[in-house]
Amino acid sequence: MANPSAVCNGHLHHHHQKQNNLLKSGIYKKNGITKGMKKNGVSNGTLHKKTITEHFEQAPMYVAVLTFLGFGVGTIFGYLRDFMRAWGLEKRNVAAEREQQKDFVPLYQDFENFYTRNLYMRIRDNWNRPICSVPGPQFDLMERVTDDYNWTFRFTGRTIKNVINMGSYNYLGFAETDVNALKTVTIELQKYGTGICSTRQEMGSLDKHVELEKLVAKFLGVEDAMVFGMGFATNSMNIPALVGKGCLILSDELNHTSLVLGARLSGATIRIFKHNNMQSLEKLLRDAIIYGQPRSRRAWRKILILVEGIYSMEGSIVRLPEIVFLKKKYKAYLYLDEAHSIGAVGATGRGVVEYFGMSPDDVDVLMGTFTKSFGAAGGYIAGKKDLVDFLRTHSHSAVYATSMCPPVAEQIIRAMKCLMGLDGTTQGLQRVRQLGKNTRYFRRRLHEMGFIIYGNDDSPVVPLLLYMPGKIGAFARRMLEKNIGVVVVGFPATPITESRARFCVSAAHTREMLDTVLNALDELGDFLHLKYSRYSKSSHPELYEETRLELED
């Protein structure tokens, strides 16, 4: 995994003595590669005083060997089964081409098709499980079984009740069905209905959209904002409006697919820098300034840096102060995707800009979604009024996509007002603080148990490394048996040696829920041998349930 480097005294170079000490301690390695557990708490001088603690511990060598061996054995048996299917020795469940199509170019790539039918299909039951309740801290699942090894499923008619939800992005717990909380949403539903049936530039711009955009701008502390009906499209449809041919995009290697798609659709030249690695980014910026465009050597029309606030698969937080420093030094633009960080970090939930104590003016394009912390749908882009006015005219989403439906807009307004305290309560602030407490508690306990987890100590996205392909399915199935719903991720969504379970902590989780999950993980970690961390655990565990003694009048 890539390892961000520290910026000391405002310069983008390490002091040799400090670097040598880190190399000797085994927690830092050149070129941004982490070796062992990295605790990046180096002071960044004039940039910011916040201590950043992130963990990217490498597993022992035998784990990597066994992981590759597991994929190798699965591949060998996959080819053997394909051979048996071709000769009619085994039933062919996958769709086959007709004789008339034998000379056609294959519709699917051969290896992807092979991987799907021989490896993915074996653990397919762990994904796409139908949920039949609100995705709150607990939910209900429709039970399903398979009679042909996951090729098809049938429902039993039974519902698995009160499964602890450790996979939804419900960071602040606003995904709820409380009648009193949703009263204003119900009113807007009765007033406007469920859909707009038009785009913003035609007949689909309502007073509710204007109200929401003004509130988003006020919440973020910027001049203006524009909202969109789909979070994914907020990136993929707006980046092409900002950059094009003759422009350069510098994208973090772990950016979300929506950012990648938007960059590709723009027609701009794309170059990738190592995750959160400032040396890698500065080298690309320096080369872009010195050499310009390929062949012609003309200066780039624009240079746009694409980063995320919290990386949803790694749980790491962007090193925003250093990136802003480089952005200003080389006169580039910065596009910040706060899909997972808005509402989830910062003293009042205003994202990584607030988390680092920076000004919103330091970021040229602020993007975020309402699909996670706000329990709704859609996204926004915010910043200078000139930027937003330009997008109102040129954004593909504004021209072609249907507007956000009014009840969803009202849900966002309700949640945002709660965060800002405009509802007359401190409930929003309490949710933000509770999320921080739950996150730190959950991560600390997992570290003490001996699991390898990735990311920042303040990130509610908690990846727990499983590594071996056979353990992906076993982990998810056994957790569900304990009434705990988890998300497991493997190759090709992750590197082949870094399969993982990804937990998403919520402010709605009670301490009892988290302890239930942690106890199950402790037991399952021993059973499946998942505790790969080589760092010693405390022999004197902390007391988490302290008795509070208060004098009464």
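Is S499 buried or exposed?

1. S499 is buried, with a relative accessible area of 0%. That value belongs to a predicted model, as do the others in this note. The residue sits in strand β15, which covers residues 499–504. V489 is ten residues away from S499 along the chain, and the C-alpha atoms of the two are separated by 5.8 Å.

2. The loop between β14 and β15 contains P492. The peptide bond joining F491 and P492 is cis, with omega about 10°. Anyone inspecting the backbone ahead of S499 will come across this bond in the loop between the two strands.

3. The largest pocket has a volume of about 980 Å³. Its lining consists of 40 residues, and L119, Y120, M121, R122 and I123 are the ones nearest the centre of the pocket. By class, the lining divides into 20 nonpolar, ten polar and ten charged residues.

4. Which elements each supply at least two residues of the lining of the largest pocket? They are α2 (61–86), α3 (110–118), α16 (469–481) and β14 (487–489). The most comes from α2, which gives eight residues.

5. UniProt, in an unreviewed entry, lists residues 59–80 as "transmembrane region". In the model this span is 91% helix and 0% strand. Its end C-alpha atoms lie 31 Å apart. The label is taken from the record, whereas the helix content and the distance are computed from the model.

6. Helix α14 runs over residues 406–420, a total of 15 residues. From first C-alpha to last it reaches 21 Å, close to the 21 Å expected at 1.5 Å a residue. Of its 15 residues, 13 are buried, so α14 is largely enclosed by the rest of the structure. Just after the helix comes G421, with a positive phi of about 80°.

7. The whole structure holds 34 salt bridges. One of them pairs R392 with E213, whose closest N and O atoms are 3.2 Å apart. This pair links distant parts of the chain: R392 belongs to helix α12 (residues 385–394) and E213 to helix α5 (residues 207–220), with their positions 179 residues apart. The two partners differ in accessibility class: R392 counts as partly exposed because its relative accessibility is 23%, while E213, at 4%, counts as buried.

8. K531 has two acidic partners, D522 and D526. With D522, the closest N and O atoms of the salt bridge are 2.3 Å apart. With D526, the corresponding distance is 3.1 Å. K531 is partly exposed, at a relative accessible area of 24%. D522 is partly exposed as well, at 29%, and D526 counts as partly exposed at 46% relative accessibility. Elsewhere, R200, E213, D224, K385, D389 and R392 are joined into one network by salt bridges that share partners.

9. What is the sign of phi at N128? Phi there is positive, near 60°, in a residue other than glycine. N128 lies in the loop between α3 and β2 (138–145). It is exposed, with a relative accessible area of 60%.

10. Y149 also is not a glycine and has a positive phi of about 60°. Its place is the loop between β2 and β3 (154–165). At 70% relative accessibility, Y149 counts as exposed.

11. R286 is part of helix α9, residues 278–291. The residue counts as partly exposed, at 31% relative accessibility. Along the chain, R286 and L326 are 40 residues apart, and their C-alpha atoms are separated by 9.9 Å.

Terms used. Residues are numbered from 1 along each chain as its sequence is written. This is a predicted model: local features need pLDDT of at least 70, side-chain atom pairs count only at pLDDT 80 or more; totals for chains, interfaces and linings use all residues. Side-chain values use heavy atoms; hydrogens and water are left out. UniProt positions are given in the numbering used here, feature names are shortened, and annotations may be inferred rather than shown by experiment. Helices (H or I, at least four residues) and strands (E, at least two) are DSSP runs, numbered from the N terminus. The expected span of a helix is 1.5 Å times one less than its number of residues. Buried means under 20% relative accessible area, exposed over 50%, partly exposed in between (1.4 Å probe, protein chains only). A salt bridge is a side-chain nitrogen of Lys or Arg within 4 Å of a carboxyl oxygen of Asp or Glu. On a 1 Å grid over the protein atoms alone, a cavity is a set of points where a 1.4 Å probe fits but cannot get out, and a pocket is an open set with protein on both sides within 12 Å along at least five of seven lines; lining residues have an atom within 4 Å of a point. Grid points are joined across faces, edges and corners, and a volume is the space filled by probe spheres set on the points. Ala, Val, Leu, Ile, Met, Phe, Trp, Tyr, Cys and Pro count as nonpolar, Asp, Glu, Lys and Arg as charged, and the others, Gly among them, as polar.
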